[in-house]
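Let's practise describing how helices pack against each other. Take a look at the sequence and structure below, then work through the exercises.

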Amino acid sequence: MVEFLQQIIEGLGAGAIYASLALALVLIYQFTGIVNFAQGELAMFATYIAWQFVSGGVPFWLALVLTLAVSFIGGMLIERVIIRPVEGAPELTVVIVTVGLFIFVNAAAGWIWSFLIKDFPNPFPRGALEAGGLSLAYSTLGVMAVVAGVMGLLYLLFRHTKIGLGMRAVAANPESARLVGIRVGWTLALGWGLAATVGAVSGVLVAPLLFLEPNMMGGVLIYAFAAATLGGFDSPVGAVVGGLIVGVAETLAGAYVGFIGSDLKVGVPLAVILVVLLLRPQGLFGRAAVERA
């Protein structure tokens, strides 16, 4: 029983990271209806920026703040320069644009920083909290606390600020929001900036646990897609819950399903995506689209 609970704890720690990237995917989808396949690469690029700051002698937490600011501005610029010209284009066109952005950002990171693996500092102390035979690593506690903090800040933003209410109005009905004086274009850019910022948090959390190199977010993006699909692409809360469920499912499957082990765990999120799309396409917390005949 202790071993089973230990696996769940480890799964929750991994799931919190998946949830943070899934949250970025959901934010962009809510505001624009776009599934951003380049979200993981944008998070990776932001992580390299944080590494550059830290390598230059900037304290980690100050480097993180600077990185989030750069990510926010970068996300807004991407919306204005790359996404805005294809607004209203067929969905396949937008998908191709985000895939092209994926390739470009990956290549740019390799060109600037090379494809060699780099060490990234862990902001959380080493060691673990021991209780009842269970071991809860301080890094896991830190990751879960950061994701909870991000969720709390997003809740305050959307529920208790004028900007957040405007963003919710644009996400619900851009035409009506425009009629009441909300600057829809800039609000969409803010949404991309916010998603890029949340994604940057995900990259900074992943790098100390894996490694820092241009392809580090490829696998994480699959898990994030599974989390967003399970929770619902129009539900930030669902993205977090979905990430935690996917993380626990992956860990338990790797530990107790013999043929999966550590090599085939990536099949778990793919199976989650397939099952959800077949049984409940809107996800656990999503709303089914209703069209009048």
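**Exercise 1: a first helix pair**

The axes of helix 9 (residues 218-231) and helix 11 (residues 267-279) come within 9 Å and cross at roughly 25°. This is a predicted model, where local features need pLDDT of at least 70, side-chain atom pairs count only at pLDDT 80 or more, and totals for chains, interfaces and linings use all residues. Residues are numbered from 1 along each chain as its sequence is written, and side-chain values use heavy atoms, without hydrogens and water.

Work out how helix 9 and helix 11 are oriented to each other.

Step 1. Axes are lines fitted to C-alpha atoms, for helices over the stretch in contact, and angles run from 0 to 180 degrees between N-to-C directions. Helices are DSSP runs (H or I, at least four residues), numbered from the N terminus.

Step 2. Angles under 35 degrees count as roughly parallel, over 145 as roughly antiparallel, 65 to 115 as roughly perpendicular and the rest as oblique. Helix 9 and helix 11 are therefore roughly parallel.

Step 3. In contact (heavy atoms within 4.5 Å), I222, Y223, F225, A226, T229 and L230 of helix 9 meet P269, L270, V272, I273, V276 and L277 of helix 11.

**Exercise 2: a second helix pair**

Which term describes helix 9 relative to helix 10?

Step 1. Helix 9 packs with helix 10 (residues 236-256) at about 120°, their axes 7 Å apart.

Step 2. That angle makes helix 9 oblique to helix 10.

Step 3. Here Y223, A226, A227, L230 and G231 of helix 9 meet helix 10 residues including G238, A239 and E250.

How values were computed
Helices (H or I, at least four residues) and strands (E, at least two) are DSSP runs, numbered from the N terminus.
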